[in-house]
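Got a minute to go through a structure together? Let's take each label in turn and ask what backs it up.

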Amino acid sequence: MTEIAISGVSKSFSLGKGEIQALADIEITFPSGSFTALIGPSGCGKSTLLRLIADVFPPTTGSIRVGDHGPDAARLSHEIGFVFQDPTLLPWRNVVENVRLPAEVAKIAPRRDPAALTTLVGLAGFEEARPSQLSGGMQQRVAIARALALDPKVLLMDEPFGALDEITRQRMNMELLRIWKESGATAVLVTHSISEAVFMADTVVVLSANPGRVSEVISVDLPRPRRLDLMRDARFNSYENKVREALFGDDMKVPA
Amino acid sequence: MADTAPHQADKRPSRYAESQERLAALGRFARFVAVVLVVVVVLWQGAISLLDIEPFVAPDPLSVGQALVQETDALAVALAYTLRSTVGGVALALVLAVSIAGLFTLSPLLSRALLPLIIMLRTAPILAIAPLLILIFGRGQTTSIVVVVIVSFFPIMVNAARGFASPKANALELMHVCGASWWQTFTRVRVPFALPFIFTGIRMASAGAVLSAMLAEWLSGAPGIGTLILEASSFRKLPLMWAGVVVSMITATAIYGLTVWMERRLSR
Ligand SMILES: Nc1ncnc2c1ncn2[C@@H]1O[C@H](COP(=O)(O)OP(=O)(O)O)[C@@H](O)[C@H]1O
Ligand SMILES: [Mg+2]
C-alpha cells in the first residue's frame, strides 16, 4: 500500500543572494490508491510539491514518506510515474521505444508490456510512429503510457492536459480515470481547472501563494465511476463552488 | 479515440524519387563547379595576357595544368600527408572537445576552472607557441596534428557544450525520476540532442583545418602540401607552387562541403 505522507514540509530556493520560499508548513496525507487534485494560483508551489514527492530535490525542512520509505528509495525502486505538462518524448524514438525508456534505464523488464500500454492509452496501430507524427493529445497519451511502464505505485501529473483543447481534455480525463482505477496507483494531479479537479478527485487540495500553503482540503463525495452527466448534478456544482470560494475567498462572498 | 488526426506522415517522396532527386542535385552541383572552373581559368588567362604578367610573377593556367600532370606523384604524396594531419587532428580534437564538454555537464565548477585555461590556449597565436610545440613533438606529423587539434578544439567544444545543455529541464528530470545515472542521461538524452550541434562544430573547425595543417608544415618543415608549396616557391618553380595551391584549395573546399553535407543529413 502506498500512502504519501507529507509532514511539516517547507521548500526554499536560493535566488541570487536572496531566498524564495516556495512552500511552507505543508501537512497532507494522500491515502493509498486515492486520487487527489492540487489547485492554486500559479507560482504557489504545485510543481514544487510534485517534485519533492518525486525526489527531484529534497525538502528544506520536514519529511516526506512514500509508502514505507523516503522519496529517494521510492524513486530508485521505480515506484514513481511522472507526467509533465509537455509530453517530453525523445523525438528519435518511436512510440513503443519511448514507452520502453523507463524499463531500459532501470535495466529491468518492463513491468507492463509497452505494446499493451500503447493500446491501453488508445494508440494501437501507432506503435512505430515518431512523436513528430502525432498530435499533441496523442503525444500526451504516450507520456502517460510511459509513466505507467513500470507499474508505478504513485502517479504524479503536472497539468498533463493543460495544453490540450477542452474537448480532447475531457476525453483524456475520462480515460485517465479508467487507467488509474485499473492501475491502483495513488494519483496526484495538478490542475488549473476547478471542474477538472472536482470531476477527477476524491480530494481537492487548494493551495495559496507566497509562500505556498494548504488553504483548504475538500473531500469530493461523488460516486465512481465518474461520468460526464455528473457535471449537471447539483452536488457537483456545489463542490465547484466550494473550491472557488477557497480559491477566491472574500471576492466570492455575496455583498451585504 | 480519434481526438485529433495525426500530422500527415506519408507525404514523403518514394525511395526512387528521392534518389533521382539526389542525382539531379549532384548533376547541378557538378555543372556549377565546371562553370566556376572555366570562369576562373578564363579570367586567370585573361589577366595574364591583358596585364602582361611575367611567368616568374604568376604562371598561366596551362603551365600550372602541366605541373599538375607532371608532378602528380609528388603532389599526391604531399597531399596524403597533409590530409592525415588534418583528419587526425580534427578527429582527436573531436574526441577531446566532446569529452571535456561532457565533463562540464558533470560539474559547473569544473567548467569554471577549465574554461579560462582553454580560452587562453585559444587566444595564443600558433606562430608564438610553434617553437615550443616543435620542441615537444618534433618536426614530424605529431606537431601538425597538435596544431590542427589546437585550432579545431574550440569551435567543437563550444558547440558540443551548447548541445549538451540543449535538452529541456523536463527531459533531464524525466531521466532522474526514472532513476537514471549521469551516464545514462548523458548517452540517452544529452548526446542525441547534441549531435547536430557537434556537427556544426566539426563544420566550423574543418573550414580552417587544412590551412592549420599547412601552417604547421611551414613552421616545422614536415613533408606535406604546405612544405611543397614553400619549397616550390623558393626554387622558383611557380607552376608547381600554384599547382599545390590549387590542390590544397580544392581539398579544403571538398572537406568543408563534406561536413556541410553531413550536418544537413543529420539535422533533417
Ligand atoms: N528550481 C527552482 N529554482 C528557483 N526557484 C524555483 C524553482 N522551482 C520553482 N521555483 C519558484 O518556486 C515558486 C513555486 O513554483 P512552482 O512550484 O513551479 O509553482 P506552480 O507549479 O504552482 O506554478 C515560484 O516562485 C518559482 O519561481
Ligand atoms: Mg507548475
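**What earns each label**

Q: What makes the link between Ser47(A) and ligand 1 a polar contact?
A: This is a predicted model, and in it a polar side-chain atom of Ser47(A) sits 2.7 Å from an oxygen atom of ligand 1. The cut-off for a polar contact is 3.5 Å between N or O atoms, so the pair qualifies.

Q: Which backbone atoms also reach an oxygen atom of ligand 1?
A: Gly43(A) has a backbone N or O atom 2.7 Å away from one, and a polar backbone atom of Lys46(A) is 2.8 Å from one. Residues surrounding ligand 1 also include Phe13(A), Leu15(A) and Thr48(A).

Q: Why is the pairing of Arg188(B) and Glu104(A) called a salt bridge?
A: Their side chains come to 2.5 Å, N to O. The limit is 4 Å between a side-chain nitrogen of Lys or Arg and a carboxyl oxygen of Asp or Glu, so the name fits. Between chain A and chain B the count is three salt bridges.

Q: What makes up the side of chain A that touches chain B?
A: Elements giving two or more residues include helix H3 (95–106) and helix H6 (166–183) of chain A. By type, that side divides into 16 nonpolar, seven polar and eleven charged residues.

Q: How do you know how much area is buried between chain A and chain B?
A: It's the accessible area lost on putting the two together, summed over both, so the figure of about 2,500 Å² covers both chains. Carbon and sulfur atoms give 60% of it. The contact takes 34 residues from chain A and 25 from chain B.

Note on methods
Residues are numbered from 1 along each chain as its sequence is written. Chains are lettered from A and ligands numbered from 1 in the order in which they are written. This is a predicted model: local features need pLDDT of at least 70, side-chain atom pairs count only at pLDDT 80 or more; totals for chains, interfaces and linings use all residues. Side-chain values use heavy atoms; hydrogens and water are left out. Contact means heavy atoms within 4.5 Å. Buried area is the accessible area (1.4 Å probe) that two parts lose on being put together, summed over both. Helices (H or I, at least four residues) and strands (E, at least two) are DSSP runs, numbered from the N terminus. Ala, Val, Leu, Ile, Met, Phe, Trp, Tyr, Cys and Pro count as nonpolar, Asp, Glu, Lys and Arg as charged, and the others, Gly among them, as polar. A residue is near a molecule or strand if one of its heavy atoms lies within 4 Å of it. A polar contact is a pair of N or O atoms within 3.5 Å; within protein, one must be able to donate a hydrogen and the other to accept it, and residues adjacent in sequence count only if both atoms are side-chain atoms.
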